[in-house]
Amino acid sequence: MIRQCFIIFGCLAIGELIVWLTGISIPSSIIGMLLLAALLQMKLIRLDWVKGISEFLIGNLGFFFVPPGVALMLYFDIIQAELLPIVVATVISTILVLMATGWTHQLLKNKADNKKKNYGTAEQ
């Protein structure tokens, strides 16, 4: 368990160091997660080295949303005053993301289908 925590928190610390050294505006936790994923992909870290703590953290993920949820209570007056713009922006951005995802999927699927057809005719 100590090794698992060390690996997870080590990746987070390296992410913090990268943000501190470079000044980039990406959260250090994202950089640490990408680093961990890269190390797992390159097989420098084995999955069973971090599986236990990862399952624990995912299993208790809901608890990590309690502090931000409580902090939202401080801003109810602002949220209430700006409710319409928040709802409109959420609905429009959701629709745009769904459309962009659908169009991208169709584009890639059509390219893959055309590639299969071209290969099929070349063999005949």
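Which residues in α1 meet which residues in α2? The legends below take up this contact and other close-up views of a predicted model.

**Figure 1. Contact between helices α1 and α2.** On the α1 side, the contact is formed by I7, I8, C11, L12, I14, G15, E16, I18 and V19. Their partners in α2 are S28, S29, I31, G32, L35, L36 and L39. Sorted by class, the residues of this contact comprise 11 nonpolar, 4 polar and 1 charged.

**Figure 2. Geometry of the α1 and α2 pair.** Two packed helices are described by the angle between their axes and the distance between the axes. Helix α1 spans residues 2-22 and helix α2 spans residues 28-41. Their axes come within 7 Å and cross at roughly 125°. An angle between 115 and 145 degrees falls outside the parallel, antiparallel and perpendicular classes, and the two helices are therefore oblique to each other. The crossing in which α1 passes α2 is right-handed.

**Figure 3. Contact between helices α1 and α3.** Helix α3 covers residues 51-59, and its axis comes within 8 Å of the axis of α1. The two axes cross at roughly 70°, which makes α1 roughly perpendicular to α3. From α1, the residues Q4, C5 and I8 take part; from α3, K51, G52, I53 and S54 do so. This contact divides into 3 nonpolar, 3 polar and 1 charged residues. Residue I8 of α1 also appears in the contact with α2.

**Figure 4. Salt bridge between R46 and D48.** Side chains of opposite charge can pair when their charged atoms come close. In the pair formed by R46 and D48, the closest N and O atoms are 2.9 Å apart. R46 has a relative accessible area of 46% and is partly exposed. D48 is likewise partly exposed, with a relative accessible area of 44%. The count of salt bridges in the model comes to 2.

**Figure 5. Salt bridge between K109 and D113 within helix α6.** The side chains of K109 and D113 meet at 3.4 Å, N to O. Both residues belong to helix α6, which runs over residues 83-123. They are 4 residues apart, about one turn of the helix. K109 counts as partly exposed at 45% relative accessibility. D113, at 29% relative accessibility, also counts as partly exposed.

Methods: Residues numbered from 1 in each chain as written. Predicted model: local features only at pLDDT ≥ 70, side-chain atom pairs only at ≥ 80, totals over all residues. Heavy atoms only, no water. Axes fitted to C-alpha atoms, helices over the stretch in contact; angles between N-to-C directions. Parallel < 35°, antiparallel > 145°, perpendicular 65-115°, else oblique. Left-handed = near helix turned anticlockwise from the far one by under 90°. Contact = heavy atoms within 4.5 Å. Nonpolar A, V, L, I, M, F, W, Y, C, P; charged D, E, K, R; others polar. Salt bridge = Lys/Arg side-chain N within 4 Å of Asp/Glu carboxyl O. Buried < 20%, exposed > 50% of the residue type's maximum accessible area, 1.4 Å probe, protein only.
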